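Student: I've got a structure open and want to get my bearings. Can we talk through a strand and a helix together?

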Amino acid sequence: MQAGFPTGPASVSLAAMTHAYIDSYYSRTLADTTRRPSLEGEVEADVCVIGGGMAGLATALGLAERGVTNVVVLEGRQVGFGASGRNGGFVSAGYSRGPAALVKSVGLENAKALYGLTQEAMGVIRRRIGQYDMPCGPLVDGKLNISWFDRPKELKANIAFMNENFGTRMEFWPRARIRDLYLSKRYYDAIYNPDGFHFHSLNFTRGTAAASEGLGVRIFENSPATRLDLDGDTKRVQTARGTVKARQVVIATSGYLHWLLPRLRFSILPIGTYVMLTEPLGDRLKTAMRGNHAVSDSRFAPDYYRALPDSRILWGGRISMATNPANLDRLMLGDMLKVYPQLAGTKVEVAWPGTMGYTTHKMPLIGELKPGVWVNTCFGGHGMCSTTAGGETVAKAIAQGDESWKLFRPFGLSFAGGPVGPLAAQTVYWYWQLRDLMKR
């Protein structure tokens, strides 16, 4: 990286649309069935965005809202095919790297500025949902991080640190209140974030695509980039049947980059994560959950879940080097029953994997790789908000010359282990699982 930054759509049936996506809660509940064409021939653009997921589309919409509308987005499959179709749908400020660790790395003022980008992104997300009438609701306010450990002083200190230094509005919820809402003997106290919320992540991402197209952005699906020529004033991005010539290129592919750009790929650790959807539970749901917040726990690799309006549970968790393990439904159901054994006998409607892009420093890669070549990628399991922050940061840099992206300079390219990286990550995960057990 540069010095200072280390290293015309048609509609198809819903059945056909869901076949294109992985089978999941999100693909089964799409709000629209719009398909985009593949790239054919040569096109020119001011900016070419590689990757039509949350980060790439946030960048495209950020550019278009600032008047840069000659933008082409290349998506290898369908918009939102990756993380936005497979996550918990939780939206909250911050990054995979926690605020306290940020302060240790870059000092309080820069940490506040970095965290502030995601706080601003929360407002951008809410504004866009309303402005573009995105059908991604219901938006349910409130996010709980529940402790598996009896350490109320720790939680209260963390709340004070966040509220005093980052202007958050976090609250301490005692275990009596938690166990009244979430009936599990595993749980103790919790941190409640009133500004977090949950929604339909894939409909939001598809809504972002539609909003971008409404402002002039061209999106091509089933058009993976196959070759890059990033030297000179005009860059060339080739696909199987076409070429984009652009003055600037933004790479936003996360764990799906493969080896298109080896220097960047060596800094990305693709990690598997998983989600399941239960059958409707009806009145049985209240034997376990009486709240509808977004919930996660305090372990290194937490469970995260939410009760849906129709009494089903969306449950996610685990990280693994295996991106598509066998018996996934059984594994995920087992995790849920460890917390809520009273739900024994529940059936799983569908379970599905996803691939996240991690970095060794647990911060996204955001910045200028070389003149005219930008990255906005690797959000490490904390991307529903921070991808919008990254999109806004890169869009402001390209459209307005804003230099907020330089805040990410301390978190640049770092070797993530190459082909053995996932095995190393799996080992670390097992180690932290053991640490979690020893804490109890």
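Student: How many bridges join strand S6 to S8?

Tutor: Sure, and keep in mind that this is a predicted model. Strand S6 covers residues 140–146, and S6 and S8 run antiparallel. One pair to look at is Asp 141, whose bridge partner in S8 is Phe 197. The number of bridges joining S6 to S8 is 6.

Student: Which residue in S8 is the bridge partner of Phe 90?

Tutor: Start with strand S5, residues 90–91, which runs antiparallel to S8. The two strands are joined by 2 bridges. For Phe 90, the partner in S8 is His 198.

Student: And S7, which residue in S8 does Glu 171 stand opposite?

Tutor: S7 spans residues 171–173 and is antiparallel to S8, with 3 bridges between them. Glu 171 stands opposite Tyr 192.

Student: How many of the 9 residues of S8 are buried?

Tutor: Buried here means under 20% relative accessible area. S8 runs over residues 190–198, and it is largely enclosed by the rest of the structure because so many pass that cut-off: 8 of the 9.

Student: On to helix H8: how far apart are its end C-alpha atoms?

Tutor: H8 has 14 residues, 201–214. At 1.5 Å a residue they should span 20 Å, so we can check that against the model. The two agree, with the end C-alpha atoms 20 Å apart.

Student: Which residue with a positive phi follows H8?

Tutor: Within the helix, 11 of the 14 residues are buried, so H8 is largely enclosed by the rest of the structure. Among the buried ones are Phe 204 and Arg 206. After H8, the residue with a positive phi, near 110°, is Gly 216.

Methods: Residues numbered from 1 in each chain as written. Predicted model: local features only at pLDDT ≥ 70, side-chain atom pairs only at ≥ 80, totals over all residues. Heavy atoms only, no water. Buried < 20%, exposed > 50% of the residue type's maximum accessible area, 1.4 Å probe, protein only. Helix = DSSP H or I, 4+ residues; strand = E, 2+ residues; numbered from the N terminus. Pairing = 2+ DSSP bridges. Expected span 1.5 Å × (residues − 1).
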